[in-house]
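Here's a quick back-and-forth about a protein and its DNA. Have the model open while you read.

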Number of protein chains: 2
Amino acid sequence: MRDLPVSPSPACCVPGAPVLDVAVAESLAAGFKALADPTRIAIVNRLAALGEVCVCDITDAFNLGQPTISHHLKVLRDAGLVSAEKRGKWAYYRIVPGELERLGGALRPDGLPVAVAV
Amino acid sequence: MRDLPVSPSPACCVPGAPVLDVAVAESLAAGFKALADPTRIAIVNRLAALGEVCVCDITDAFNLGQPTISHHLKVLRDAGLVSAEKRGKWAYYRIVPGELERLGGALRPDGLPVAVAV
DNA sequence: GTGTTATATTGATGTCTGTCGATGCGTGAC
DNA sequence: GTCACGCATCGACAGACATCAATATAACAC
């Protein structure tokens, strides 16, 4: 018996996929919900492209108020897709490795091998 | 000059990705929004696993009212992720080939080659 | 024709979400 | 200490969303 009650996210939506556990469906839906906003997609795009970005740069890059950007960053943080680190007055965000690949792998047949608990 | 004003969806969220066009970000966000619900994830999972499914079977499989299932199917249809075909009294749904892979490819470095307009 | 069955659509309702202004909190400069 | 700056949080509000009951539509059986 492993201590993983839920298989992380097997390829859910490819031919021959097994019927999904409810918890897995909810986990995937939560991840996609975090990406279901153009501003958040653009933020993730910048983080992925540049590696590490200061919040001030993100705020400058969008035509939105600072609280709104902060809100979007919190959504991405709560979804586990990005992480923050404070250095001095500034906060730097970066992509959490593996999480985006996990979501993407659920939609593609050529997914990474996924550890499944038994 | 090609007649594709917007590159479909290059790998937006992988290291070294280019800054995303606004229209591409909106297109990706719309796709992920369609998947941002556990019921719709489960529906897509069933369609992907079984190939073609009658609405009646989907309705039976979930603890939700028939209008609610019909609503979710419309969301997936409007997002271009599934297609419907009526045969007699029944409607059969199936996955639209390539669309899920397009979304998944935006999140993974090992994506399919994507045609980019220039 | 009538009646039944399978989906879609409409309308209502409660909940969630994106945005903003105002405020709080921690850091560095002075 | 005070002040400015970067960011998070709070409160409010308009719009979107998930769900349901009721109704409409379309096809088959009779």
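Q: Which backbone has a polar atom 3.3 Å from a sugar or linking oxygen of DNA strand C?
A: This is a predicted model, where local features need pLDDT of at least 70, side-chain atom pairs count only at pLDDT 80 or more, and totals for chains, interfaces and linings use all residues. Side-chain values use heavy atoms, without hydrogens and water, residues are numbered from 1 along each chain as its sequence is written, and chains are lettered from A and ligands numbered from 1 in the order written. A polar contact here is a pair of N or O atoms within 3.5 Å; within protein, one must be able to donate a hydrogen and the other to accept it, and residues adjacent in sequence count only if both atoms are side-chain atoms. The backbone with that 3.3 Å pair belongs to B:Lys89.

Q: Which side chain has an N or O atom 3.0 Å from a phosphate oxygen of DNA strand C?
A: A:His71 also puts a side-chain N or O atom by a phosphate oxygen of this strand, but at 3.4 Å. The 3.0 Å pair is made by B:Ser70.

Q: Which element gives the largest share of the surface near DNA strand C?
A: Near means a heavy atom within 4 Å, and elements are DSSP runs numbered from the N terminus: helices (H or I, at least four residues) and strands (E, at least two). Chain B gives two or more residues from each of α3 (55-61), α4 and β3 (90-95). The largest share, four residues, comes from α4(A).

Q: How much of what DNA strand D brings within 4 Å of the protein is sugar and phosphate?
A: Around DNA strand D there are 21 residues, with A:Cys56, A:Gln66, A:Ser70, A:Tyr93 and B:His72 coming nearest. Of the strand's atoms within 4 Å of the protein, sugar and phosphate make up 68%.

Q: How far is a side-chain N or O atom of B:His72 from a phosphate oxygen of DNA strand D?
A: A:Ser70 has a polar side-chain atom 2.8 Å from a phosphate oxygen of this strand, and for B:Arg40 the distance is 2.9 Å. For B:His72, it is 2.3 Å.

Q: What kind of axis relates the two copies?
A: Superposed by least squares on C-alpha atoms of residues with pLDDT of at least 70 in both, chain B lands on chain A after a 180° rotation with 0.0 Å of shift along the axis (RMSD 0.0 Å). So the copies are related as by a two-fold rotation axis.
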